[in-house]
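Please open the structure in your viewer and keep the selection tool at hand. This tour moves from one selection to the next and says what can be found at each stop.

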Amino acid sequence: MTVNALIQRLNSIRDSGGGRMLVVVDKDSLWDGNGTFDNCEIHSVETHLIYMVDGDGGVIVNKDGSQRCRTSAVLSGNK
């Protein structure tokens, strides 16, 4: 993905009401299998519902019993 394509996709997310979304990176999709992140490329930018976790790795539960989540812009690689 080129810089211009990345900026254009992020601008479209912002213009559709996602200006305050966090941008996160899907590290697993960028892993090259050799123990490094060398030569990794961003292939897609999408919005996903991300569940928030606490210090123990469990999903945070609100007082009303619902799970805490947020919508984020996710940069991912070729996997």
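Which backbone nitrogen does the side chain of S29 reach at 2.7 Å? Select S29 together with G77, and you will find that the backbone nitrogen of G77 is the atom in question, with the side chain of S29 reaching it at 2.7 Å. Before going further, keep in mind that this is a predicted model, in which the mean pLDDT of the protein chain is 87 and 99% of the residues reach 70 or more.

Stay with S29 for a moment and colour helix α2, residues 27-30, since this is the helix in which S29 lies. The side chain of S29 also reaches the backbone oxygen of D26, at a distance of 2.8 Å. S29 counts as buried because its relative accessible area is 4%, which is under the 20% limit for that word. When you judge details here, remember that α2 has the lowest mean pLDDT among the elements of the chain, at 84, whereas β3 has the highest, at 92.

Next, select D26, which sits in the loop between β1 and α2. Is D26 buried, partly exposed or exposed? With a relative accessibility of 30%, D26 counts as partly exposed. Leaving aside its neighbours within four places in sequence, D26 is in contact with V74, L75 and S76. Add S76 to the selection and compare the two kinds of distance: D26 and S76 are 50 residues apart in sequence, yet their C-alpha atoms are 5.1 Å apart in space.

Now centre the view on S76, which belongs to strand β3, residues 69-76. S76 is buried, with a relative accessible area of 11%. Once the neighbours within four places in sequence are left aside, the residues in contact with S76 are D26, S29, L30, E41, I42, H43 and S44. One of these, S44, deserves a selection of its own, for the side chains of S76 and S44 make a polar contact at 2.6 Å. S76 is also the bridge partner of S44 in β3.

From this pair, widen the view to the whole sheet. Strands of a sheet pair through backbone hydrogen bonds, and the pairing may be parallel or antiparallel. Here β2 and β3 run antiparallel and are joined by 8 bridges. What is the order of the strands in the open sheet? The sheet has 3 strands in the order β1-β3-β2, with mixed pairing. Colour β1 (23-25) and β2 (44-51), which stand at the edges; each has a single partner strand, so one side of each is left without a neighbour in the sheet. If you rotate the view, you can follow how neighbouring strands of this sheet are turned against each other, by 45 degrees on average when direction is ignored.

Then select helix α1, residues 3-18, which lies across β2 and β3 and runs at about 45 degrees to β2.

For the last stop, show the side chains of R14 and D15. They meet in a salt bridge, with 3.3 Å from N to O, and the count of salt bridges comes to 1. D15 is exposed, with a relative accessible area of 59%, while R14 is partly exposed at 45%.

Notes: Residues numbered from 1 in each chain as written. Predicted model: local features only at pLDDT ≥ 70, side-chain atom pairs only at ≥ 80, totals over all residues. Heavy atoms only, no water. Helix = DSSP H or I, 4+ residues; strand = E, 2+ residues; numbered from the N terminus. Buried < 20%, exposed > 50% of the residue type's maximum accessible area, 1.4 Å probe, protein only. Polar contact = N/O pair within 3.5 Å; in protein donor to acceptor, adjacent residues only side chain to side chain. Contact = heavy atoms within 4.5 Å. Pairing = 2+ DSSP bridges. Axes fitted to C-alpha atoms, helices over the stretch in contact; angles between N-to-C directions. Salt bridge = Lys/Arg side-chain N within 4 Å of Asp/Glu carboxyl O. pLDDT = per-residue confidence, 0-100.
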